[in-house]
Amino acid sequence: MEGKEISQAVIRRMPRYYRHLGELLEEGVERISSNDLSRRMNVTASQIRQDLNNFGVFGHQGYGYNVNYLYEEIGKILGVNERHNIIVIGAGNLGLALANYVKFEKLGFVIIGLFDINPALKGMSVRGIPVYMLDELEAFCKKNRIDIAALTVPKQKAEAMAHRLVSNGIHAIWNFVHVDLEFSEEEVVVENVHLSDSLMQLSYNMIQKRQDAIRAEKKTE
Ligand code: NAI
């Protein structure tokens with residue numbers, strides 16, 4: 001497995017496997033065949049086998065997959081078996097929403113501080129997570145291990161802020177701002193989350209569906 005380049009398409013499917021396996025565990029299911037997992041996830045059994053083989057995780061003929069083992073292995077692959085400290089830069093609507101969401105912690109993603117420039121937020125906290133002023137960032141980074149910074153600042157501030165984070169030793173950015181951050185992959189990993197992209201995709205599929213229905217209606221006329 002080491003050194004093998006795994007496609008991003010495969011990586012993007014892994015959280016979904018993890019989620020379904022977690023649900024199976026909650027339902028008390030101990031083992032599952034790739035066919036049953038495939039039906040449940042609406043992915044072909046061969047896709048599941050191929051995806052998991054990438055990581056050296058194999059099912060057993062006639063047995064299928066041990067749900068707990070697979071859940072733990074995928075958890076390790078995704079790094080959710082360890083704690084990741086996160087800071088959120090920009091304690092506005094989105095930053096506060098992230099800090100208010102409790103389930104990230106269950107996956108090991110722990111928000112340990114928010115940073116903002118608005119003095120009105122000084123001394124505040126969200127679910128016990130303190131809001132710091134931005135000028136405290138450097139000292140905070142020296143004192144704490146930070147694995148990920150979530151970027152939820154206005155667009156015009158994002159690029160400079162991202163570079164400031166990197167110069168403070170942060171090499172993973174969860175970017176919500178609609179800008180393409182310019183970093184080499186060796187330097188920093190960036191994950192962009194754009195709800196509007198997802199909405200536009202939904203809108204495209206919705207329009208296609210509507211047009212298909214119109215075409216089908218015309219055919220029957
Ligand atoms: P907001 O205006 O509620 O919050 C922005 C916060 O950033 C404010 O509290 C402001 O004081 C603070 N801020 C400004 N400059 C800063 C700096 N240099 N350092 C630290 N904090 C600073 O805005 P909202 O709605 O929370 O959106 C934040 C960003 O996220 C925007 O860029 C917006 O376009 C983007 N966004 C992205 C979404 C997505 O799906 N990716 C969805 C919603 C918003």
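**View 1. A buried aspartate in helix α3 of the predicted model.** A residue is called buried when its relative accessible area is under 20%. In this structure, which is a predicted model, D51 has a relative accessibility of 2%, and therefore D51 counts as buried. The residue belongs to helix α3, which spans residues 45-53. When neighbours within four places in sequence are left aside, the residues in contact with D51 are V10, R13, M14 and Y17.

**View 2. A partly exposed arginine in helix α3.** R49 is also found in helix α3, but its relative accessibility is 39%, so R49 counts as partly exposed. Not counting residues up to four places away in sequence, R49 touches S34 and Y65. With the first of these partners there is a polar contact, made between the side chain of R49 and the side chain of S34 at 3.0 Å. Another residue to find in this view is S38, which is 11 residues from R49 in sequence and, from C-alpha to C-alpha, 9.8 Å from R49 in space.

**View 3. The open sheet and its edges.** Seven strands make up an open sheet with mixed pairing, and their order across the sheet is β5-β6-β4-β3-β7-β8-β9. Which strands stand at the edges of this sheet? They are β5 (125-126) and β9 (189-192), and because each has a single partner strand, one side of each is left without a neighbour in the sheet. Strands of a sheet pair through backbone hydrogen bonds, either parallel or antiparallel. Strand β4 (residues 109-116) and strand β6 (residues 129-133) pair in the parallel sense, with three bridges between them, and D116 has M133 in β6 as its bridge partner. Helix α5 (residues 93-100) packs on the sheet, where it touches β3 (84-89), β4, β5, β6, β7 (148-151) and β8 (172-175), and the direction of α5 makes about 155° with that of β4.

**View 4. Strand β7 between β3 and β8.** Four bridges join β3 and β7, which pair in the parallel sense, and the bridge partner of I89 in β7 is L151. Strand β7 also runs parallel to β8, to which it is joined by three bridges, and here A150 stands opposite W174 in β8. In a regular strand the side chains alternate between the two faces of the sheet. Are the residues on the two faces of β7 buried or exposed? I148 and A150 on one side, and A149 and L151 on the other, are all buried, and both faces of β7 are thus covered. Beyond β7, strand β8 pairs with β9 in the parallel sense over four bridges, and W174 has E191 as its bridge partner in β9.

**View 5. Helix α8 across the sheet.** Helix α8 (residues 155-167) lies across β3, β7 and β8, and runs at about 170° to β7. Together, β7, α8 and β8 make a β-α-β unit that is right-handed. An α-helix has 3.6 residues a turn, so residues three or four places apart point the same way. Which residues of α8 are buried? They are A158, M161, A162, L165 and V166, and the buried residues of this helix pack against β3, α7 (137-143), β7 and β8. The helix is followed by G169, a residue whose phi is positive, near 90°.

**View 6. The surroundings of the ligand.** The ligand is surrounded by 23 residues, and the closest are D116, V153, F176, V193 and L195. For D116, an N or O atom in the side chain is 2.6 Å from an oxygen atom of the ligand. For V153, a backbone N or O atom lies 2.7 Å from an oxygen atom of the ligand. For F176, a backbone N or O atom lies 2.8 Å from a nitrogen atom of the ligand. D116 can also be traced back to the sheet, where M133 in β6 is its bridge partner.

Note on methods
Residues are numbered from 1 along each chain as its sequence is written. This is a predicted model: local features need pLDDT of at least 70, side-chain atom pairs count only at pLDDT 80 or more; totals for chains, interfaces and linings use all residues. Side-chain values use heavy atoms; hydrogens and water are left out. Two strands pair if DSSP finds at least two bridges between them. Contact means heavy atoms within 4.5 Å. Axes are lines fitted to C-alpha atoms, for helices over the stretch in contact, and angles run from 0 to 180 degrees between N-to-C directions. Buried means under 20% relative accessible area, exposed over 50%, partly exposed in between (1.4 Å probe, protein chains only). A crossover is right-handed if, with the strands pointing away from the viewer, the path from the first strand over the helix to the second runs clockwise. A residue is near a molecule or strand if one of its heavy atoms lies within 4 Å of it. A polar contact is a pair of N or O atoms within 3.5 Å; within protein, one must be able to donate a hydrogen and the other to accept it, and residues adjacent in sequence count only if both atoms are side-chain atoms.
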